[in-house]
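Here are my notes, set out as numbered points. Please read them with the structure open beside you.

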Amino acid sequence: MKSLFHKSIVLFLVVVTATSCFNKDKPNYQYFPDMYAPVSYEAYGEYDVFANGQEAKLPVEGTIPRGWSPYAYENTNEGYEQAKAQLKNPLPYSEKNIAAGQQLYTIYCAVCHGDQGNGKGILVEREKILGVPSYDDAGRAITEGSTYHVMYYGLNSMGSYASQTTIEERWQIDHYVMKLKGTLEGKPEREFQSDTASVKKNLVPAINADATALGAKANAGQDEESTN
Ligand code: HEC
């Protein structure tokens with residue numbers, strides 16, 4: 001009788017201990033969880049169940065990163081010529097865009113090309129870099145398209161600005177470069193457009209039909225200036 005009494009005290013204590021700390025907000029203990037909870041894979045783990053042995057999959061072909069748009073012109077002489085002939089600035093020539101373009105130009109380009117775009121930036125004056133052209137260089141006859149193209153890919157000792165600037169920023173700089181070119185050539189100032197002058201649908205328009213013709217012409221062995 002006495003031992004039964006002791007046993008029931010022990011049992012009582014066990015039950016009190018087991019239930020007193022029970023927290024309704026937390027999941028209960030599971031006895032042999034088996035497959036109650038899924039076993040998750042590590043993002044970069046190696047697992048035999050996948051065809052290529054790793055959990056992380058490559059993006060499907062044609063996937064593009066968020067906020068990035070494909071640029072249709074290739075980094076070749078033909079691509080340069082095509083962009084030069086066809087690619088137009090989709091942003092309105094507005095006061096806002098020119099002001100933004102000037103600011104970005106001063107940050108990224110003026111060290112070499114100079115504030116006036118005459119190719120006499122501080123690095124040129126200090127003879128740190130050679131061969132920086134003036135934007136009114138008649139032999140080059142730069143256009144909106146060619147300027148965008150060289151900002152995107154770079155050109156010889158000039159680096160690419162594709163990673164430092166957004167598409168919109170490059171087009172703003174582009175407007176400003178064209179403005180500097182016009183001033184150097186003594187042309188009258190282009191009139192500002194309103195910000196809503198043209199709706200920007202696609203900042204990098206796809207190559208149109210002429211591109212094929214131009215590409216073919218360039219392939220036919222024309223003497224093109226190197227763009228690499
Ligand atoms: C490190 C100096 C340097 C910086 C910075 C620089 N450029 Fe250049 N740029 C050059 C040189 C050098 C060339 C000539 C390349 C050649 O033809 O070999 C050039 C050429 C050009 C041309 C003429 C390309 C053609 O079609 O012949 C344009 C337009 C141009 N740069 C625009 C820009 C713009 C816009 C920026 C700023 C986003 C910029 N550059 C920043 C050095 C620079």
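1. Start with the shell around the ligand. Helix H6 gives the largest share of this shell, 4 residues. Bear in mind throughout that this is a predicted model.

2. Which residues come nearest to the ligand? Of the 23 residues around the ligand, the nearest are Cys109, Cys112, Arg140, Asn156 and Met158. Three elements give two or more residues to the shell: helix H4 (110-113), helix H6 (144-153) and helix H7 (167-184).

3. Sorted by class, the shell around the ligand has 16 nonpolar residues, 6 polar residues and 1 charged residue. Arg140, one of the residues that come nearest, belongs to a type that counts as charged.

4. How many helices and strands does the protein have? There are 8 helices and 0 strands. Followed along the sequence, the pattern is therefore α-α-α-α-α-α-α-α.

5. The protein has 228 residues, and 21% of them count as buried. Take the contacts between residues at least 6 apart in sequence: 69% of these join residues at least 24 apart.

6. Gln103 is a residue to find in helix H3, which covers residues 95-108. Is Gln103 buried, exposed or partly exposed? Gln103 counts as partly exposed because it has 14 C-beta neighbours inside 10 Å; a buried residue would need 20 or more, and an exposed one has 12 or fewer.

7. Now look from Gln103 to Tyr176. These two residues are 73 apart in sequence, while their C-alpha atoms are 9.4 Å apart in space. Tyr176 falls within the range of helix H7 (167-184), and Gln103 lies in helix H3.

8. Gly45 offers a second case. Its place is in the loop between helix H1 (2-20) and helix H2 (77-86). Why does Gly45 count as exposed? Gly45 has 12 other C-beta atoms within 10 Å, and a residue with 12 or fewer is exposed. From Gly45 to Ala56 the separation is 11 residues in sequence and 7.5 Å in space, C-alpha to C-alpha.

9. A last point concerns confidence. The mean pLDDT of the protein is 85, and 86% of its residues reach 70 or more. Over residues 208-228, however, pLDDT stays under 50. For that stretch the model has 23 contacts beyond four places in sequence.

Methods: Residues numbered from 1 in each chain as written. Predicted model: local features only at pLDDT ≥ 70, side-chain atom pairs only at ≥ 80, totals over all residues. Near = placed C-beta within 6 Å. pLDDT = per-residue confidence, 0-100. Contact = placed C-beta atoms within 7 Å.
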